[in-house]
Amino acid sequence: MLRCGENYLYFDTEEHLKRFLENIEEYKKFRNLQIKEPECYYIHSKRLWVDLNQKEVGVSKSN
């Protein structure tokens with residue numbers, strides 16, 4: 001999962017997320033996405049949000 005401002009984008013695989021981040025402007029144009037720049041992503045196995053500079057943002061309290 002990727003957070004872009006108030007929007008959350010979900011991806012099937014980590015590879016899909018990486019491809020999106022590598023070509024974000026192309027995806028935004030192709031899908032007509034009106035989103036802010038990505039801020040952080042969620043690592044489900046660690047229940048952890050990480051910003052795009054690899055710093056821990058916070059641990060999720062949900063299961």
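## A first look at the chain

Of the 63 residues in this chain, 29% are buried. The model you are looking at is predicted, so please read every value here as computed from that model. The chain holds 2 helices and 5 strands, and walking along the sequence you meet them in the pattern β-β-α-α-β-β-β.

Two overall values help set the scene. The chain exposes about 5200 Å², and carbon and sulfur atoms supply 45% of that area. Among contacts with a separation of 6 or more, 31% are between residues 24 or more positions apart.

## How the strands pair

A good place to start is strand β3, residues 40-43. Strand β1, residues 2-4, runs antiparallel to β3, and 2 bridges join the two. Here Arg3 stands opposite Cys40 of β3.

Strand β3 also pairs with strand β4, residues 48-51; this pair is antiparallel too, and 4 bridges hold the strands together. You can follow two of the partners by eye: Tyr41 is matched with Val50 in β4, and Cys40 is matched with Asp51 in β4. Cys40 therefore appears in both pairings, as the residue opposite Arg3 and as the bridge partner of Asp51.

## The hairpin and its turn

Strands β3 and β4 form a hairpin, with 4 residues between them. Arg47 lies in this loop. Most residues other than glycine have a negative phi. Arg47 goes the other way, with a positive phi of about 50 degrees although it is not a glycine. Arg47 counts as partly exposed because its relative accessible area is 38%, which falls between the 20% and 50% cut-offs.

## A strand covered on both sides

In a regular strand the side chains alternate between the two faces of the sheet. Strand β4 invites you to look at both of its faces. On one side are Leu48 and Val50, on the other Trp49 and Asp51, and all of these residues are buried. Both faces of β4 are thus covered.

## The nonpolar core

Which residues make up the largest nonpolar core? There are 10 in all: Leu2, Cys4, Leu9, Leu17, Phe20, Ile24, Ile35, Tyr41, Leu48 and Val50. Strand β1, helix α1 (residues 14-22) and strand β4 each supply at least two residues of this core. In soluble globular proteins, nonpolar side chains tend to be buried together.

Some of these names are already familiar. Leu48 and Val50 share one side of β4, and Tyr41 is the residue bridged to Val50.

## The largest pocket

The largest pocket offers about 250 Å³ of space. Its lining consists of Met1, Phe11, Thr13, Glu14, Leu17, Lys18, Leu21, Tyr41, Tyr42, Ile43 and His44. The elements that give two or more residues to this lining are α1 and β3, and α1 gives the most, with 4 residues.

Leu17 and Tyr41 deserve a second glance: they are among the residues lining the pocket, and they also belong to the largest nonpolar core.

## Asn7 and its distant neighbours

Asn7 lies in strand β2, residues 7-9. Is Asn7 exposed or only partly exposed? It counts as partly exposed, because its relative accessibility is 35%. Leaving aside neighbours within four places in sequence, Asn7 is in contact with Leu2, Gln34 and Ile35. Gln34 is 27 residues away from Asn7 along the chain, and their C-alpha atoms are separated by 9.6 Å. The other two contacts, Leu2 and Ile35, are members of the largest nonpolar core.

## The loop before β3

The loop between α2 (residues 24-30) and β3 is home to Asn32. Like Arg47, which has a positive phi of about 50 degrees, Asn32 is not a glycine and has a positive phi, here of about 55 degrees. Asn32 counts as exposed because its relative accessibility is 57%, over the 50% cut-off.

Lys36 is found in this loop between α2 and β3 as well. Its relative accessibility of 59% is why Lys36 counts as exposed. Even so, Lys36 touches Cys4 and Gly5, not counting residues up to four places away in sequence. Lys36 and Gly5 are 31 residues apart along the chain, with their C-alpha atoms separated by 5.6 Å. Cys4, the other residue that Lys36 touches, is part of the largest nonpolar core.

Notes:
Residues numbered from 1 in each chain as written. Predicted model: local features only at pLDDT ≥ 70, side-chain atom pairs only at ≥ 80, totals over all residues. Heavy atoms only, no water. Pairing = 2+ DSSP bridges. Buried < 20%, exposed > 50% of the residue type's maximum accessible area, 1.4 Å probe, protein only. Contact = heavy atoms within 4.5 Å. Core = buried A, V, L, I, M, F, W, Y, C linked by side-chain atoms within 4.5 Å. Areas by Shrake-Rupley, 256 points an atom, 1.4 Å probe, with all protein chains shown as cover. 1 Å grid on protein atoms, 1.4 Å probe; cavity = no way out; pocket = protein on both sides within 12 Å on 5 of 7 lines; lining within 4 Å. Points joined across faces, edges and corners; volume = space filled by probe spheres on them.
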